[in-house]
Amino acid sequence: MIETTALSPALGVQVHGVEDLLDDVVAAQCLEALKWRGVLLIRGLNLSDEQQVAFSRKLGTVLAPGGKEVFVVSLNPEKSRSAEYLKGTLFWHIDDTTNDIPAKATMLTCKHAAMVGGGTEFASTYAAYESLSDNERKRYEGLRVVHSFEAAQRLVHPDPPADMLAGWRKLPTHETSLVWDRKDGRRSLVIGATADHIVGMRPEESRELLDELLAYTTQERFSYTHEWQVGDVVIWDNTGMLHRALPYDPSSEREMHRTTMAGSEAWA
Ligand code: OGA
Ligand code: MN
């Protein structure tokens, strides 16, 4: 039997007492905890890549973008070919908003932690939505958001050179509903760095609403900040958790290994 403790009032759970990570009952309990608490932490696991993939497979279908199941998250170009675009992780975002179907969950294992900074913050868009007034809910009903890689990268490079901009624009944009009414009846918000504009709204009004909703959702009462220890495993529900890395020196030791579990429900 696993034991759990809340990480913050609105989200997150730490799991203790896992003896066998590959036990079916443990996997089922982890998935249930993830569903209701959004973020799951297990300390001191020190998984190898093979062990991380094996555990990930117990939780879902492991994606392999570019043929690799394990992706290195680091801002150091010597450690990651994606270091430049990973600067976008410093802004609140949900992964995969420009795909049809978002990943169900993402797992990071901490190989090296930064000496200063480099925590990861999470905010629950389920909890934020639930706390909205009826009037606010009515106001947001039916609104649609266009998500783009460009919107997210503009936060890193506000004044991009033409070739950089052209590169971003090659990637598809994707429209989602602002409020995601899921098959299971739960509702969450689809916002964050990739949210470019609301369809049919004046640009300034659209920006203001998206910024206001992001500020509202990322308040302390809907969030949790994880301070990494080497060996930690953190898994989050990528469909409903905004997240961001807190600033750290790109040349620091910080190195996370990421696996991603496929989702089954398309953005609405
Ligand atoms: C990610 C991500 C945050 C971090 O891997 O998708 O956003 O703290 N990482 O490294
Ligand atoms: Mn991310």
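This is a short walk through the metal site, the aromatic pairs and two charge-over-ring contacts of a predicted model.

**Stop one: the metal.** Select ligand 2, the manganese ion, and show the side chains of H93, D95 and H243. Each histidine coordinates through NE2 and the aspartate through OD, at 2.1 to 2.2 Å. Now look at where these donors fall along the chain: the spacing reads H-x1-D-x147-H. Switch on a surface if you like; H93 and D95 are both buried.

**Stop two: the aromatic pairs.** There are four of them in the structure. Start with F122 and W236, a tilted pair with ring centres 5.3 Å apart and 55° between the planes. Which strands do they sit in? Colour residues 120-124 to see β6, home of F122, and residues 233-237 to see β13, home of W236. The two parts are 114 residues apart in sequence, so this pair ties them together. Both rings are tucked away: F122 is buried at a relative accessible area of 0%, and W236 is buried at 2%.

Next, pick Y216 and F222, which form another tilted pair, 5.6 Å from centre to centre with 50° between the planes. Of these, F222 is buried, with a relative accessible area of 4%.

**Stop three: charges over rings.** Select R186 and Y126, and turn the view until you look across the tyrosine ring. The charged end of R186 sits over that ring, 4.0 Å from its centre. Then move to R254 and Y248: here the charged end of R254 sits over the ring of Y248, with 4.3 Å to the ring centre.

Methods: Residues are numbered from 1 along each chain as its sequence is written. Chains are lettered from A and ligands numbered from 1 in the order in which they are written. This is a predicted model: local features need pLDDT of at least 70, side-chain atom pairs count only at pLDDT 80 or more; totals for chains, interfaces and linings use all residues. Side-chain values use heavy atoms; hydrogens and water are left out. Rings of Phe, Tyr and Trp (its six-membered ring) pair if their centres lie within 6.5 Å; planes under 30 degrees apart count as stacked, over 60 as edge-to-face and the rest as tilted. Helices (H or I, at least four residues) and strands (E, at least two) are DSSP runs, numbered from the N terminus. Buried means under 20% relative accessible area, exposed over 50%, partly exposed in between (1.4 Å probe, protein chains only). A charge sits over a ring if NZ of Lys or CZ of Arg is within 6 Å of the ring centre and within 35 degrees of the ring normal. Donors are N, O and S atoms within 2.8 Å of the metal (3.2 Å for Na, K and Ca); water is not among the atoms, so sites may look incomplete.
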